[in-house]
Amino acid sequence: MKVINLEQGSEAWLASRLNTFNASECGALFGCSPFFPKNQDDLAQVKYGGRQVYQNKAMTAGLEAEPLIRAYAEEVAFEPLEAMVGCLDDDERFRASFDGITFDGKKIFEAKNSKGTYNYVVMHNKAPEHYYLQVQHQLLVSGANWCLFVVRNPESGLMIPLVIEPDIDIQNEIYVKWIEFETKYKGVELTNLEEERTDTEWEML
């Protein structure tokens, strides 16, 4: 993995995401994201059509809670975890913004601050599909041995850690889907996609 000198959340970081394949977009890539962008058409509007993604209160709260969750994760992993942006050695389009990664790069960390996600993990003992795909993309980029996925209940403050190991079959599918996505949408007129949006979310925006 190559380290990219970009601060997460900065204007340069946001601009760089438009022409790269990012871990947090995997849910949309597979059509299973509960948030906007929810599917590939939405994602194409963001990356190639100039549509913006607005940060809501839950996203802001998650960013504010991240240092607290990272401190907990460091206790679980017995190692310091540093936030970092990286890309594949042989294809810089494949990128990931890590909430934390160990010095040797063998462990990564992903933080979530969501009551809904917390309840899902309690019930199913696994990450929701869109987050599982995000982590697999991160593991693909980093080459890490596993990810420590920690979800915090913002109401109670309780946290649950999960270990997610690499799934080579899923990672191969992620790689292929990103290439197919770029081939299908990049450089294509997206006006028709925008005109087809008639849902309430689109009208409000």
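A polar contact here is a pair of N or O atoms within 3.5 Å; inside protein, one atom has to be able to donate a hydrogen and the other to accept it, and residues adjacent in sequence count only if both atoms are side-chain atoms. With that in hand, S33 makes a handy starting point: its side chain reaches the backbone oxygen of F35 at 3.0 Å and the backbone oxygen of P37 at 3.4 Å. The model is a predicted one, with local features needing pLDDT of at least 70 and side-chain atom pairs counting only at pLDDT 80 or more, while totals for chains, interfaces and linings use all residues. Residues are numbered from 1 along each chain as its sequence is written, and side-chain values use heavy atoms, with hydrogens and water left out.

S33 sits in the loop between α2 and α3; helices (H or I, at least four residues) and strands (E, at least two) are DSSP runs, numbered from the N terminus. Its relative accessible area is 14%, so S33 is buried, where buried means under 20% relative accessible area, exposed over 50% and partly exposed in between (1.4 Å probe, protein chains only). Not counting residues up to four places away in sequence, S33 touches G27, A28, K38 and H130, a contact being heavy atoms within 4.5 Å.

Zooming out, the protein comes to nine helices and seven strands. Of its 205 residues, 45% are buried. Among contacts with a separation of 6 or more, 68% are between residues 24 or more positions apart.

Now for the inside. A nonpolar core is a set of buried Ala, Val, Leu, Ile, Met, Phe, Trp, Tyr and Cys residues joined through side-chain atoms within 4.5 Å. In soluble globular proteins, nonpolar side chains tend to be buried together. The largest such core in this model has 36 residues, and F94, I108, F149, W178 and F181 have the most contacts inside it. At least two core residues come from each of α2 (26–29), α3 (40–48), β4 (94–101), α5 (115–124), α6 (129–142), β6 (146–152), β7 (159–164) and α7 (168–185). The top contributor is α6, with six residues. A second, separate core has ten residues, including I69, A111, L148 and V150.

W178 is worth a closer look. Leaving out residues up to four places away in sequence, W178 touches F21, N22, E25, C26, L29, L43, F94 and H137. One of those partners, E25, is found in the loop between β2 (21–22) and α2. E25 counts as buried because its relative accessibility is 9%. Besides W178, E25 is in contact with R17, T20, L43 and K47, again setting aside neighbours within four places in sequence. E25 and H137 are 112 residues apart in sequence, yet their C-alpha atoms are 9.5 Å apart in space.

The helix α7 also packs against two other helices. For these pairs, axes are lines fitted to C-alpha atoms, over the stretch in contact, and angles run from 0 to 180 degrees between N-to-C directions. Angles under 35 degrees count as roughly parallel, over 145 as roughly antiparallel, 65 to 115 as roughly perpendicular and the rest as oblique. With α6, the angle is about 90° and the axes are 9 Å apart. That makes α6 roughly perpendicular to α7. Y132, L133, Q136, H137, L139 and L140 of α6 make this contact with I170, Q171, I174 and W178 of α7.

With α3, the angle is about 65° and the axes lie 11 Å apart, so α3 and α7 are roughly perpendicular too. Their crossing is right-handed, meaning that the near helix is turned clockwise from the far one by less than a right angle (anticlockwise would be left-handed). Here Q40, D41, L43, A44, K47 and Y48 in α3 meet W178, F181, E182 and Y185 in α7.

As for α3 itself, seven of its nine residues are buried, so α3 is largely enclosed by the rest of the structure. The buried ones are Q40, D42, L43, A44, Q45, V46 and K47. At the start of α3, a side-chain oxygen of N39 reaches to within 3.2 Å of the backbone nitrogen of D41. Just after α3, G50 takes a positive phi of about 80°.
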